[in-house]
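Got the model open in your viewer? Let's walk through it together, one selection at a time.

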Amino acid sequence: MSQSKTLQRWTIEDSEDLYQIREWGLSYFGISDNGDVTVTPLTKNKNISVSLPEIISGIKDRGYDMPVLLRFEDILDSQIAKMHESFRSAIDQFGYKGDFKGVYPIKVNQQKQVVEAITSFGKQYHHGLEAGSKSELIAALSFLNDLDACLICNGYKDTDFIDLGLYACKMGYKCFFVLEMPGELDLILERSKELNIKPLIGVRYKLSTTAGGHWTESGGDRSLFGLTISQIIEVLEILKSHHMLDCLQLLHYHLGSQIPNIRDIRASVQEACRVYAGLVKEGAAMGHLDIGGGLAVDYDGSHTNYMNSRNYTVNEYCVDIIEAVMEILDSEEIDHPTIITESGRATVAYYSVLVFNIFDANMIDDGDKDAPLPEDLPELIANMIETYKTLNVRNIQECYNDALYYRDQVRQMFKLGDISLRERALGDRIFWKIIQSINDHMDTMKYIPKELSDIKVALSDIYYANFSVFQSLPDSWAIGHLFPVMPIHRLNEVPTRNAILADITCDCDGKIDRFIDRQGVGNVLRLHEIKEGEDYYLGVFLVGAYQETLGDLHNLLGDTNVVSIRISDDGMYNVVREIEGDSVADVLSYVEYNPKRMIKRMRQTAERAIREGFITPQDRREVMLKYEEGLRGYPYFKN
Ligand SMILES: *Cc1c(COP(=O)(O)O)cnc(C)c1O
């Protein structure tokens, strides 16, 4: 950071710029005048902001420890409303004759709270559900009670799945079976005859359009799911022979998740519309075009077609789809269908925030400037000190090379027993002073040699964060997904440290070392110095989609506490639902330990220790209290 910036007052605008919160926060997240992150759910007639640190403090008062996953149910409502209002306005603008129906794909976040919240708020829009497995259909039926909403069944279907879906049809649900494989049709026809219930059938089309992004495999000929054109023709023939073309009412495709480029979305709609038109001309009833998911989230706030972003808004998405459908179907003189989307990520990503505390930091040693140097220094170390003293902008590269050379020499001599432990430590300390000084000089240099550009990372602090990447941010670890991370308070103070985050798993992959910054992706995160006796909290934002059940039990950390929040008109927040995270006993029992038996064994161990004279019976009582308390407790780091 340049010297001038430290001297000026650091403002919240500086923090907004540094962490790019306005770019990825969609007006849901911002910074208050006193430097707190605020949450503004933007539901109808409500433009009320609540401070995130205040919520955290209230949650701690209620007895919950960090980490905690906060869910803002109002944001979920807002996202659903926004999607429907955007489609409604595009439909009106272009005079589209069909309707729009959204469905939520349960797999994106299967938690009961989520499905319950979506079906209850979504009812006014007839927002439905998408089930990709038998369990999801069973879950869907228990919450969806709106017969005008769609219930889309994707995934492989066995007899039980099909029977359940058919009964749903009989009860009046718009429950579609989408054929993923040609073979599924026979079973559907067989069960439908057996139960004497007419099915609603859709086909999943394997697009030839592909798109950029992580999840491109869902489109294109290599895609695992869906039917080719010739397989769709086969389905038509079979249905025709059963006089059931009236049952074929839907065409579906799914280009993949997080499609960053609007052109790919448009191209796939156009392609699918030709297939749709063809099916109508073949005599299928049709009426529904289900364009799957793919609506992306701008995680890095760059508004580009990069992997973690998107180059369009929700409004543009809706307009492009309506336009593309009308363009193709009008030219084919086909009636406008009901458009269905299966947006998962965009619906739920924004509403969850993971908050954790930093429980320790490994600051890079600034060098104890005033520490006196010993009298008779080995020559090598005296040379290092000389290098340090003569360093300037012009000889920076030379000094860097010298520093590396001397450091290696010091290590070598130590190995050979030629210098002492203290001399070795002194050598290390001076080495880092040189590196630090090079780093300070680099701030004033226009051109930075490539070799030196990694110094920032080497000089970064390690902040130890109370959460598990594997449990709470599996995509960050598995596919290098970028989530916005930033402090949730002190944003009116200058962040003076460059840091990377280590989680508490002590696994070398348990870290975050790629961050959103103004230039795209950075290797360090600017953070504040930790104050003695004061908690420091960070938030990871936009984590509502795909993270919760993909997480694993690495290092036996388990589910975090989850607290759902609603913000009322008077600006107060209410804790509306809470789920206590796993206890140590819970996570151990997932891997087949039996806590009751463990206590019994521990008692025996302690009894033996009494017999052998290591502890007293009173000690045993204390040991057992601790042990049982440990079992009941939260597996994360307790302050
Ligand atoms: C995963 C999935 C979705 C959800 O996609 P998003 O990009 O999260 O909206 C929708 N439909 C199908 C068939 C899926 O497999």
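Start by selecting Leu70 and Val563: Val563, in strand 22, is the bridge partner of Leu70. Keep in mind as you go that this is a predicted model. Now widen the selection to strand 4 (residues 68-72) and strand 22, and you will find the two running parallel, joined by 5 bridges.

Stay with strand 22 and color residues 561-567 by burial. How many of its residues are buried? The count is 6 of the 7, so strand 22 is largely enclosed by the rest of the structure.

Next, add strand 23 (residues 573-579). Here the pairing with strand 22 is antiparallel and extends over 6 bridges. For one facing pair, pick Ser564 and look across to Arg577 in strand 23. Strands 22 and 23 form a hairpin with 5 residues between the strands, and Gly571 in this hairpin has a positive phi near 85°.

Time for the barrel. Show strands 5 to 12: they make a closed barrel of 8 strands in the order 5-6-7-8-9-10-11-12, with parallel pairing. From one strand to the next, the twist averages 25°. To inspect one of these pairings, zoom in on strand 5 (residues 100-105) and strand 6 (residues 128-131), which run parallel and are joined by 3 bridges. Within that pairing, Val103 has Gly128 of strand 6 as its bridge partner.

Now bring up the ligand. Which residues come nearest to it? Of the 17 residues around the ligand, they are Lys107, Ser257, Glu342, Gly344 and Tyr546. Sorted by class, the shell holds 9 polar, 5 charged and 3 nonpolar residues. Try some distance labels: a polar side-chain atom of Lys107 sits 2.6 Å from a ligand oxygen atom, and a polar side-chain atom of Ser257 also lies 2.6 Å from an oxygen atom of the ligand. For Glu342, label the 2.5 Å between an N or O atom of its side chain and a nitrogen atom of the ligand. The ligand taken alone exposes 390 Å², of which the protein buries 92%.

For the last stop, select helix 4 (residues 52-61). Its buried residues are Leu52, Pro53, Ile55, Ile56, Gly58 and Ile59. At the N-terminal end, Ser51 acts as the cap of helix 4, with a side-chain oxygen 3.1 Å from the backbone nitrogen of Glu54. Then step just past helix 4 to Gly63, where phi is positive at about 100°.

Terms used
Residues numbered from 1 in each chain as written. Predicted model: local features only at pLDDT ≥ 70, side-chain atom pairs only at ≥ 80, totals over all residues. Heavy atoms only, no water. Buried < 20%, exposed > 50% of the residue type's maximum accessible area, 1.4 Å probe, protein only. Helix = DSSP H or I, 4+ residues; strand = E, 2+ residues; numbered from the N terminus. Polar contact = N/O pair within 3.5 Å; in protein donor to acceptor, adjacent residues only side chain to side chain. Near = heavy atom within 4 Å. Areas by Shrake-Rupley, 256 points an atom, 1.4 Å probe, with all protein chains shown as cover. Nonpolar A, V, L, I, M, F, W, Y, C, P; charged D, E, K, R; others polar. Pairing = 2+ DSSP bridges. Axes fitted to C-alpha atoms, helices over the stretch in contact; angles between N-to-C directions.
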